[in-house]
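I opened this notebook to keep track of what I looked up in the structure, entry by entry. The sequence and the model come first, and my notes follow.

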Amino acid sequence: MKRIQSIKRRPLVLLMLLMAVILVAGCSSNTNSTVKLAYVAWDSEIASTNVVKEVLETKLGVKVEMLQVDAGPMWAGIADGSADAMVAAWLPSTHASYLEKYGKDIEDAGVNLDGTKTGLAVPAYMEINSIEDLNNAEVAATLDKRIIGIEPGAGIMTATEKALEAYGLSDYTLLESSSAAMAQELQKAFDKNEPIVVTGWTPHWMFANMDLKYLDDPKNVYGGAEQIHTMVRSGLKEDMPDVHKFLSQFKWTAEDMEQVMVKIQGGQSPEEAAKEWVESNEAKVNEWTAGISA
């Protein structure tokens, strides 16, 4: 009799086990999914990556790990799959060499910001207007023949090295530093009304906080207006379709990005500034997450 009862209970036990497996699998798909975002500690990319992180976590319910690296490792990480995505590919000029090297191994998920610009920037009070003016002996003396740059390996550093050669400025020194250190040096000089030349790009909070201008580039070393693209690893679309869909729909404006950057510069943490921006721009965030049920 006991044996007959045991046999009858087996279907029920199996059904309960199956339901448990389904429940565990369902929970793990949300709680164990981690998206790795690579980024460089440029003010623009700190702003955009934190906004993407905020949306992924609060709207899609996935965990996000942010990987701060230099430009080269950022591209390499997407290509070898150690990172899932980045929203910091400046094309077609600034990161052209990285695209040529890694492009075949990654997926371009589209433009997330249109109308960027790079070049040499100076305070508007300086009486020079072209890169060619840096050849003037008096101007060179006031600048101590220095151009304040950012991290080595950044595309704008490579472009500036080409500019020094193209414009006959080989006696100038391009100083390597960081995005934050460059902006700090610029702010100090601006406050004292002193001459300075920096590697600049927009969007950037420094153009909102200081009266600056780009030096004309008649040899077009820095190229024209650029775009920022979102790059994802191969296979992300199959592994995380909702994440891929959101990343391919992520698109904002230079003004949007500057709003976040200015708040960070004003003292907010990147996480706080991103959260506040996402909460204040529900309509735009809804466009990014359209068609996603998570």
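**Entry 1, the whole chain.** Before counting anything I fixed the term: two residues are in contact when they have heavy atoms within 4.5 Å. With that in hand, I looked up the contacts with a separation of 6 or more, and found that residues 24 or more positions apart account for 79% of them. I note here that the model is a predicted one. I listed 13 helices and 9 strands in the protein, and of its 294 residues 45% count as buried.

**Entry 2, helix H3.** I turned to H3, residues 71-80, where 7 of the 10 residues are buried, so this helix is largely enclosed by the rest of the structure. I wrote down the buried ones as Ala71, Gly72, Met74, Trp75, Gly77, Ile78 and Ala79. When I asked what these residues pack against, I found strand S1 (34-39), strand S3 (85-91), helix H4 (96-102), and also S4 and S9. Just after H3 I came to Gly81, which takes a positive phi of about 85 degrees.

**Entry 3, helix H11.** Does the span of this helix agree or disagree with its number of residues? I took 1.5 Å a residue for the 12 residues of H11 (254-265), which should then span 16 Å, and the C-alpha atoms at its ends are indeed 16 Å apart, so the two agree. I next looked up burial and found Ala254, Asp256, Met257, Val260 and Met261 buried in H11. These residues cover an arc of only 160 degrees around the axis, which means that they sit on the same side of H11. I kept a general reminder beside this: an α-helix has 3.6 residues a turn, so residues three or four places apart point the same way. The buried residues of H11 pack against helix H2 (43-59), strand S4 (106-123), helix H8 (205-209), strand S9 (226-233), helix H12 (270-280) and helix H13 (282-288). After H11 comes Gly267, whose phi is positive and near 125 degrees.

**Entry 4, the cavity and Ile156.** I searched for cavities of 30 Å³ or more and the count came to 1, with about 80 Å³ of space in the largest cavity. Its lining is made by Trp42, Glu45, Trp90, Thr94, Thr118, Ile150, Ala154, Gly155, Ile156 and Trp201, which by class are 6 nonpolar, 3 polar and 1 charged residues. I followed up Ile156 from that list and found it in helix H6, residues 155-166. Is Ile156 buried or exposed? Its relative accessible area is 5%, under the 20% cut-off, so I entered Ile156 as buried. Leaving aside neighbours within four places in sequence, Ile156 is in contact with Thr94, Thr118, Gly119, Ile150, Thr199, Gly200, Trp201 and Tyr222. I also checked Ile156 against His95, which is 61 residues apart from it along the chain, and their C-alpha atoms are separated by 8.4 Å.

**Entry 5, the largest pocket.** Last, I looked up the largest pocket, which has a volume of about 220 Å³. I found 13 residues in its lining, of which Arg146, Ala189, Glu194, Pro195 and Ile196 lie nearest the centre. Strand S5 (146-148) and helix H7 (179-191) are the elements that give two or more residues to this lining, and H7 gives the most, with 3 residues. By class, I recorded the lining of the largest pocket as 6 nonpolar, 1 polar and 6 charged residues.

Definitions and conventions:
Residues are numbered from 1 along each chain as its sequence is written. This is a predicted model: local features need pLDDT of at least 70, side-chain atom pairs count only at pLDDT 80 or more; totals for chains, interfaces and linings use all residues. Side-chain values use heavy atoms; hydrogens and water are left out. Helices (H or I, at least four residues) and strands (E, at least two) are DSSP runs, numbered from the N terminus. The expected span of a helix is 1.5 Å times one less than its number of residues. Buried means under 20% relative accessible area, exposed over 50%, partly exposed in between (1.4 Å probe, protein chains only). The arc is that of the directions from the helix axis to the C-beta atoms. On a 1 Å grid over the protein atoms alone, a cavity is a set of points where a 1.4 Å probe fits but cannot get out, and a pocket is an open set with protein on both sides within 12 Å along at least five of seven lines; lining residues have an atom within 4 Å of a point. Grid points are joined across faces, edges and corners, and a volume is the space filled by probe spheres set on the points. Ala, Val, Leu, Ile, Met, Phe, Trp, Tyr, Cys and Pro count as nonpolar, Asp, Glu, Lys and Arg as charged, and the others, Gly among them, as polar.
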